[in-house]
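Here are my notes on the model, set out as numbered points. Please read them with the sequence and the coordinates open.

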Amino acid sequence: MNFISVYLFCFLVFIVWLRYEQRKSNKYEQKVSDEFWAREEQANRTRKKDISHLPLLHIDESEIPLTSVTTEEIEHNLKQIRQIIKKPMLDLSEYSNTDLKLAYGVANFNTLSEYDETYNLFLVSLTNLARSYRREKLWEAAEKTYRLALSYGSKKLCDYTELASVLLELDAPEQVSELIQQVEQSDYPRRESLAQALRETLSTYQ
């Protein structure tokens, strides 16, 4: 009987504790939700602000790596990039939608979103071009294209690891080591996992 009583007591204590934690969690989630919607409401009332001072990216066509060898795929990617760089673009990845409206006004939201989408499409197109060069074993052009993407702020793991693979094809493992050091010293949010991925790529070098 004593054992059963102790068991029931512990079970009841657990149930009370569990309900307390659930209520606490629900209150916290409600608070977070309330704060979010309060900021969103404020953002949707924010007046239009001047955005003419924003540092739009301007990419010259001469920056795009070219080769004497071409394919239909390469030409397609080059054509897409040439079209994209004619449009205004801006890296706004550090902003959430709410932050963007609070900073520059809800009336500018669609315009700025288009700038950001164009920027991301530019980076994706550079990756596609670099891959098309890799498929043709145009290693130097591929390297330059990946480096161009990184210089304009790409934080895609594939751009780093695929660049490392290209550098190994060029018998330049020391440049992969330099890339690892750059990542480790950067403020890249996933620098540890990225550095590890680069080390694994380097380890395949014969």
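1. I start with α7, where the buried residues are P173, V176, L179, I180 and V183. These residues cover an arc of only 105° around the axis, so they lie on the same side of α7. The general rule behind such a pattern is that an α-helix has 3.6 residues a turn, so residues three or four places apart point the same way. The elements that cover the buried residues of α7 include α6 and α8. Please keep in mind throughout that this is a predicted model.

2. The length of α7 was also checked. Its twelve residues should span 16 Å at 1.5 Å a residue, and the end C-alpha atoms are 17 Å apart, which agrees.

3. How do α7 and α8 pack? The angle between α7 and helix α8 (residues 191-202) is about 170°, and their axes are 9 Å apart. The two helices are therefore roughly antiparallel, since an angle over 145 degrees counts as such. On the α7 side the contact is made by P173, V176, S177, L179, I180, V183 and E184, and on the α8 side by R191, L194, A195, L198, R199 and L202. Sorted by class, this contact has nine nonpolar, one polar and three charged residues.

4. Helix α5 covers residues 139-151. Its 13 residues should span 18 Å at 1.5 Å a residue, and the end C-alpha atoms are 18 Å apart, so the expected and computed spans agree. Which residues of α5 are buried? They are W139, A141, A142, E143, T145, Y146, L148, A149 and L150. The partners against which these buried residues pack are α4 (109-135), α6 (157-169) and α7 (173-184).

5. V166 lies in helix α6 and shows one of these packing sites in detail. With a relative accessible area of 0%, V166 is buried, because the cut-off for that class is under 20%. Leaving aside neighbours within four places in sequence, V166 is in contact with R134, W139, A142, E143 and Y146. One of these partners, E143, is 23 residues away along the chain, and the C-alpha atoms of V166 and E143 are separated by 6.3 Å.

6. R134 is in helix α4. Is R134 buried or exposed? Its relative accessible area is 27%, so R134 falls in between and counts as partly exposed. Beyond its neighbours within four places in sequence, R134 is in contact with W139, A142, Y146, E162, S165 and V166. The separation between the C-alpha atoms of R134 and K156, which are 22 residues apart along the chain, is 17 Å.

7. R131 is also placed in helix α4. R131 is partly exposed, with a relative accessible area of 28%. Its contacts, again leaving aside neighbours within four places in sequence, are Y146, C158 and E162. Y146 and E162 are also among the contacts of R134. The C-alpha atoms of R131 and E114 are separated by 26 Å, with their positions 17 residues apart along the chain.

8. Two loop residues deserve a look at their backbone angles. Most residues other than glycine have a negative phi. K137, in the loop between α4 and α5, is not a glycine but has a positive phi near 60°. K137 counts as exposed at 60% relative accessibility. D171, in the loop between α6 and α7, has a positive phi of about 55° although it is not a glycine either. D171 is exposed as well, with a relative accessible area of 54%.

9. Positive phi values also occur at glycines that come after helices. G153, just after α5, takes a positive phi of about 100°. G105, which follows α3, has a positive phi near 95°.

10. Last, helix α3 covers residues 97-104. The buried residues in α3 are T98, L100, K101, L102 and Y104. K101 is thus a lysine in the buried class, whereas the lysine K137 in the loop between α4 and α5 is exposed.

Notes: Residues numbered from 1 in each chain as written. Predicted model: local features only at pLDDT ≥ 70, side-chain atom pairs only at ≥ 80, totals over all residues. Heavy atoms only, no water. Helix = DSSP H or I, 4+ residues; strand = E, 2+ residues; numbered from the N terminus. Expected span 1.5 Å × (residues − 1). Buried < 20%, exposed > 50% of the residue type's maximum accessible area, 1.4 Å probe, protein only. Contact = heavy atoms within 4.5 Å. Axes fitted to C-alpha atoms, helices over the stretch in contact; angles between N-to-C directions. Parallel < 35°, antiparallel > 145°, perpendicular 65-115°, else oblique. Nonpolar A, V, L, I, M, F, W, Y, C, P; charged D, E, K, R; others polar. Arc of directions from axis to C-beta.
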